[in-house]
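Colleague: I would like to go through this model with you. Could we begin with the conventions and then turn to the contacts?

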Amino acid sequence: MQEDLQTLVKGQVLAVKDLPTLPGVLDEVTKLVQDPDSSTEQISKAISRDQVLSAKVLKMVNSPVYGFPGRISSIQHALVLLGFNVIRGIIISTSVFDIMQAAMKGLWQHSLGCATACGIVARRAGYEEPEEFAVAGLLHDLGKVVAAVQLPEMLERISETVRTRDISFYQAEKEIMGFGHDRINSWLGRHWRLPANLREAMAWHHKPESAQNYPEITAAVHVSDFLVRAFEFGNAGDDHISYLSPKAVNTLGLRMADLERIMDELAESFLDISELTF
Amino acid sequence: MDARVSPCYFNHPQRIFLVTVDSELLRLLEQLWWPGCMEFVHFSRATDALEMLFENPPDLLLADQRLPDMTGAQLANLVKAENVYRQLPVILCLDHEDMEYPWDWNEVEVDDFLFRPFMAAEARDRINLTLLRALRALDANPLSKLPGNTSIIQRTQDLVERKEAFALGYVDLDHFKSFNDKYGFSRGDEVLMMTARLIVNTVRDVVRDKRELSFVGHVGGDDFVFIVAEKRAEEVCRRIIAAFDGIVRGFYDQADRKEGGIRSTDRKGNACYFPFMAVSIAVVLNHGGKLKHAGEAATIAAGLKKKAKENPGSSYVIDQRRA
């Protein structure tokens, strides 16, 4: 029975045709793409603030059409390889939320916060590709967006459960669906041929110990998710602070003192990005 | 208004062999293009055309199905059976009754057909389209779909003859072979596809004005060529290098990424280390129209490339010699 439900839901989730995004970022990117003087850097910076646009760009560049599936995990690289015409096409085919639910705005802010935190954690921990870490952070809750679009009744029941029983969104997902957004992330990552490091971080950010090949990037997303929740920046669907795996902190080679410095830096960054309209 | 394409969008006059007993057809066709754009050579018999077809093939063969010595389809198959002539586009001229039963186009290797009564406008555009389609298909690199050597040489020669100043960049990859050897050719092809996209988009991004000179071709393997105005060359090189160095890491396995390259052994069993692939770019300038022919650019680039390769990472060298 449970298996059947999963197969059914998986089919429904992967059938997603279009994901809505926030009007603010889409407007900005549209303007930049139309301006002959704007640079790839400017456009990639704007796209990097939106999980849906970022996911679409990565999905496109990693599709077999281009001949290098699963290789590109940075937005800037994706833009260089896709070119302006394709970016324009992606933007035209993206719709905006008609009614912006407060919960969804909160999720966008949470995701951007997590991306920011991942970048800072990666730099502090001395990794060479902080941008890829940031992308993994940005996409870590994408499964929630896709589920909201494809399975709206489920979302309602999950939200209801979070409200009435005061449990975390993740726990509620498991009670209602039998699995969480991490599973949905894993389906999407494979279906869209995203690079292995992003896939692993998206699939295992709640269980970082299970990451096989990319434990660092997975641990970074896990720790960042915790930090963003601790700062109460944005909203991931509940008011709970997630559990922090000490092992994940170890994997990153961070000590308490490092975490404190990361939190200081994060506080400043959050001040900057909270000015963005959500 | 003149219905002819003005003046002509082919680089050089197109030779068309017309094999038909219908002399009206020749007269009809000849008035469809500007003088000097098309060159028609008329044959009444297939056998008369055959030797010339093999010896000095035209740009297009237009054959009537009804010929005194064989059918147009047979003539087409005779020519197309040989791989050296396969690319020669063939248009078959049919009568209405020929269309009663469906043709087996697997058996008859032609590229298009026209049928009686001929409409001048249709004939003109089908011939133009067939020629252009053949030009595009003929020289596209099968992997990257970028224009190949014929187009590269034609484009360069054209600029050289017009004494136009331009910069021609030869791009190739360092350590591509070791990557290919370790990961296999399909992973190697991924890198080539990525490089092709990268060069095309970088050139397009630097040269935003469509009227300005810009061209990208794929010589083959890990060799690419771009042509831009002299003033754009440096920026194109810098951007290609920056993007390539950032992107190429993602094409290595996780373990090699951490190592910073590939460890392997050579044929003698010695341990070797190959860093990440890098791009070397040699830029030849046709400053003041100093180049005499397209081949000269290739020779100069070969010399410059050695200099660019001396640098262990990605680098570019611009030809500093002045005419």
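Modeller: The conventions come next, followed by the interface, the core and the rings.

Modeller: This is a predicted model, in which local features need pLDDT of at least 70 and side-chain atom pairs count only at pLDDT 80 or more, while totals for chains, interfaces and linings use all residues. Residues are numbered from 1 along each chain as its sequence is written, chains are lettered from A and ligands numbered from 1 in the order in which they are written, and side-chain values use heavy atoms, without hydrogens and water.

Colleague: How much area do chain A and chain B bury between them?

Modeller: About 1,800 Å², with 46% of it on carbon and sulfur atoms; buried area is the accessible area (1.4 Å probe) that two parts lose on being put together, summed over both. On the chain A side, R71(A), V80(A) and L81(A) supply 32% of the area buried against chain B, more than any other three residues.

Colleague: Which residue does R71(A) meet in a salt bridge?

Modeller: R71(A) meets E190(B), at 2.6 Å from N to O. A salt bridge is a side-chain nitrogen of Lys or Arg within 4 Å of a carboxyl oxygen of Asp or Glu, and there are six between chain A and chain B.

Colleague: Changing topic, what is M194(B) in contact with?

Modeller: Leaving aside neighbours within four places in sequence, M194(B) is in contact (heavy atoms within 4.5 Å) with F68(A), L81(A), F244(B), I247(B), V248(B) and F251(B).
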